Amino acid sequence: MMGLNLEEIKTKKKLTFIGLGLGQILSLLCTCNVFTSSELARKGYNVPTTQSFLTYTLLAIVYGGIMLYRRPTIKGKWYHYFFLALADVEGNFLVVKANQYTSITSVMLLDCWAIPCVLVLTWVFLKTKYRLMKITGVVICILGVVMVVFSDVHAGSRAGGSNPVKGDILVVAGATLYAVSNTTEEFLVKNANTVELMTFMGFFGAIISAIQICIFERGELRAIDWSAEGAILFLRFAVSMFLFYSLLPVLLKTSGSAMFTLSLLTSDMWAVLIRIFAYHEKVDWLYYLAFATTAIGLIIYSVQEKDEEDQKDEQRKLLDEEGRVSLIATSTGEP
């Protein structure tokens, strides 16, 4: 029994480290995508939905091919996948669009709205329980992001934007859709399989993106002066987002959507490191403290989550043991 407990504890700790590591890989991929998207915008490629279309098409082709080869029984409902793809496409569109109207500092701060939304949605629909230490980890993570915002203000990098109120509303709406997308994907990945999830998300995402491109981005596409460098940037964005979406179900299955949303908070800190080492820019000292604070919050959230599971397992085993003792005592006639 003791050997079994030790093995279970080792497995849970291993899952904790896997969750933390995967979360940071996804955060780094997200940061790279932001920089690629920024480069595309600077070169005049202002077509965010077209960028997403390439990613969804790649998902549909790769995972759809695997699915056709395996010919498995479809477990999920098609309208669940459509709803997921719609929330994901429009969340990406709204947040990218918000950058045209409000400051990047406001986008960073308001994007944190996804965290309480994910906690509420997973609590209501997935019956996930969040105890005091988990909430503490969330608060510490948010505190780290607030430090980043204050650092931007202290460094004088805040810009008002052309229409801050409109931009802020777009960010809040996009962050809410991110929360809906993350929660829906967590539900689907635990009730279906990754190949099926990626296939239908790519399929419906490509269709929705194509319709949106025809409505909003036809003029921008015609005005673009295409070059080999621009095509490479589009391809780089599509491949990195493909890796992002491919790894995401693994984290959702092991640690949940709340852990994923918290992990993305460090993307701003990864952006700082890229600015330091790739672009040789100087950053405010508060960034380093913010990175450490957010990392501590993630560790507290993750470790406490696994510790609670250990306690529940021990309680269940104790009750089972007491039940067996009572049954033996009853069968032998002992008091």
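Which residues does Leu-262 touch, not counting residues up to four places away in sequence? The answer is Ile-115, Val-138, Cys-141, Leu-298 and Tyr-301, where a contact means heavy atoms within 4.5 Å. Before going further, keep in mind that this is a predicted model, in which local features need pLDDT of at least 70, side-chain atom pairs count only at pLDDT 80 or more, and totals for chains, interfaces and linings use all residues. Residues are numbered from 1 along each chain as its sequence is written, and side-chain values use heavy atoms, with hydrogens and water left out.

Let's start with the overall layout. The protein has twelve helices and zero strands; helices (H or I, at least four residues) and strands (E, at least two) are DSSP runs, numbered from the N terminus. Of the 335 residues, 46% count as buried, with buried meaning under 20% relative accessible area, exposed over 50%, and partly exposed in between (1.4 Å probe, protein chains only). Among contacts between residues at least 6 apart in sequence, 90% join residues at least 24 apart. About 17,700 Å² of the protein is exposed, and carbon and sulfur atoms supply 69% of that; these areas come from the Shrake-Rupley method with a 1.4 Å probe, and for residues only the protein chains shown count as cover.

The UniProt record, an unreviewed entry, has something to add here. Under "transmembrane region" it lists several stretches, including residues 197–216 and 228–252; UniProt positions are given in the numbering used here, feature names are shortened, and annotations may be inferred rather than shown by experiment. In the model, residues 197–216 are 100% helix and 0% strand, with the end C-alpha atoms 27 Å apart. Residues 228–252 are also 100% helix and 0% strand, and there the end C-alpha atoms are 36 Å apart.

Back to Leu-262. Along with Tyr-245, Leu-262 touches the most other members of the largest nonpolar core, which has 50 residues. A nonpolar core is a set of buried Ala, Val, Leu, Ile, Met, Phe, Trp, Tyr and Cys residues joined through side-chain atoms within 4.5 Å.

Tyr-245 also takes us to the aromatic rings. Rings of Phe, Tyr and Trp (its six-membered ring) pair if their centres lie within 6.5 Å; planes under 30 degrees apart count as stacked, over 60 as edge-to-face and the rest as tilted. By this rule there are 13 aromatic pairs. In one of them, the ring centres of Tyr-56 and Tyr-245 are 6.0 Å apart with planes at 35°, so the pair is tilted. Tyr-56 sits in helix α2 (residues 48–70) and Tyr-245 in helix α9 (residues 228–255), so the pair ties together parts 189 residues apart in sequence. Both Tyr-56 and Tyr-245 are buried. Trp-78 and Phe-204 form another pair, with centres 6.4 Å apart and planes at 40°, so that one is tilted too. Here the link runs between helix α3 (residues 78–98), home of Trp-78, and helix α8 (residues 194–223), home of Phe-204, 126 residues apart. Trp-78 counts as exposed at 55% relative accessibility, whereas Phe-204 is buried at 11%. Ring pairs join these two with Tyr-79, Tyr-81, Phe-82, Phe-200 and Phe-203 into a cluster.

Helix α9 also holds Ser-246, which is buried at 14% relative accessibility. A polar atom of the Ser-246 side chain lies 2.7 Å from the backbone oxygen of Phe-242. Setting aside residues up to four places away in sequence, Ser-246 touches Leu-59, Tyr-63 and Met-198.

Over in helix α2 you'll find Thr-49, buried at 3% relative accessibility. Leaving aside neighbours within four places in sequence, Thr-49 is in contact with Phe-93, Ser-209, Gln-212, Ile-213 and Glu-217.

Now for the loops. Lys-43 is in the one between α1 (2–42) and α2, and is partly exposed at 41% relative accessible area. The Lys-43 side chain makes a polar contact of 3.1 Å with the side chain of Glu-229; a polar contact is a pair of N or O atoms within 3.5 Å, where, within protein, one must be able to donate a hydrogen and the other to accept it, and residues adjacent in sequence count only if both atoms are side-chain atoms. Lys-43 and Glu-229 are 186 residues apart along the chain, with 9.6 Å between their C-alpha atoms.

Most residues other than glycine have a negative phi. Arg-71, in the loop between α2 and α3, has a positive phi of about 50° and is exposed at 70% relative accessibility.
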